[in-house]
Amino acid sequence: PQHDALAREAAASSVVLLKNSGVLPLPEAGGTSTLALIGGALSAESLWGQDPVHRMMPAKDYYMGGGSGHCGVLPEQLVTPLTALTQRAERSGWKVSASPSNNLTEALAAAQGADVAIVVVAASSIETL
């Protein structure tokens, strides 16, 4: 109880309201603009069928959660955010600097000099059986 206010304040302070102020979709760049792609969720793999206990159910991952109440994504059908965003940006003439990890030093290096940065984060959960 004595820490409830602090926990509430920390949670409220960590919420990011996403708002598109005309940045997206990215305009044609003509090779002069750089997009930084940052975050470990950029290249996360599908774990469908890899749960060691329940082979017919997926292990939890960023794309489908886990447990019985979702659709699966087969690894060979998955297009990661890194692949999709890179292809789209390069098609529009953007240079891409990527840090598909949660390493802060690598993220800063990728963002250095970028005109736009997209940070991809994710969380997953699973029901208990």
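In the predicted model, both faces of strand β1 are covered, with Thr34, Ala36 and Ile38 buried on one side and Leu35 and Leu37 buried on the other. Because five of the five residues of β1 are buried, this strand is largely enclosed by the rest of the structure.

Strand β1, which spans residues 34–38, pairs with β3 in the parallel sense over four bridges, and β1 also pairs in the parallel sense with strand β2, residues 95–99, over five bridges. Individual positions can be placed within these pairings: Thr34 stands opposite Lys95 in β2, whereas the bridge partner of Leu35 in β3 is Val116, and Ala36 stands opposite Ala117 of β3. Along β3, residues 116–119, the side chains alternate, such that Val116 and Ile118 point to one face and are buried, while Ala117 and Val119 point to the other face and are not buried. Leu35 of β1, itself buried, is thus bridged to a residue of β3, Val116, whose side chain points to the buried face of that strand.

Over the whole chain, the secondary structure comprises three helices and three strands, and these elements follow one another from the N terminus in the order α-β-α-β-α-β. Of the 129 residues in the chain, 29% are buried, and the accessible surface of the chain amounts to about 8,800 Å², with 58% of this area belonging to carbon and sulfur atoms. Among the contacts between residues at least 6 apart in sequence, 66% join residues that are at least 24 apart.

How values were computed. Residues numbered from 1 in each chain as written. Predicted model: local features only at pLDDT ≥ 70, side-chain atom pairs only at ≥ 80, totals over all residues. Heavy atoms only, no water. Helix = DSSP H or I, 4+ residues; strand = E, 2+ residues; numbered from the N terminus. Buried < 20%, exposed > 50% of the residue type's maximum accessible area, 1.4 Å probe, protein only. Contact = heavy atoms within 4.5 Å. Areas by Shrake-Rupley, 256 points an atom, 1.4 Å probe, with all protein chains shown as cover. Pairing = 2+ DSSP bridges.
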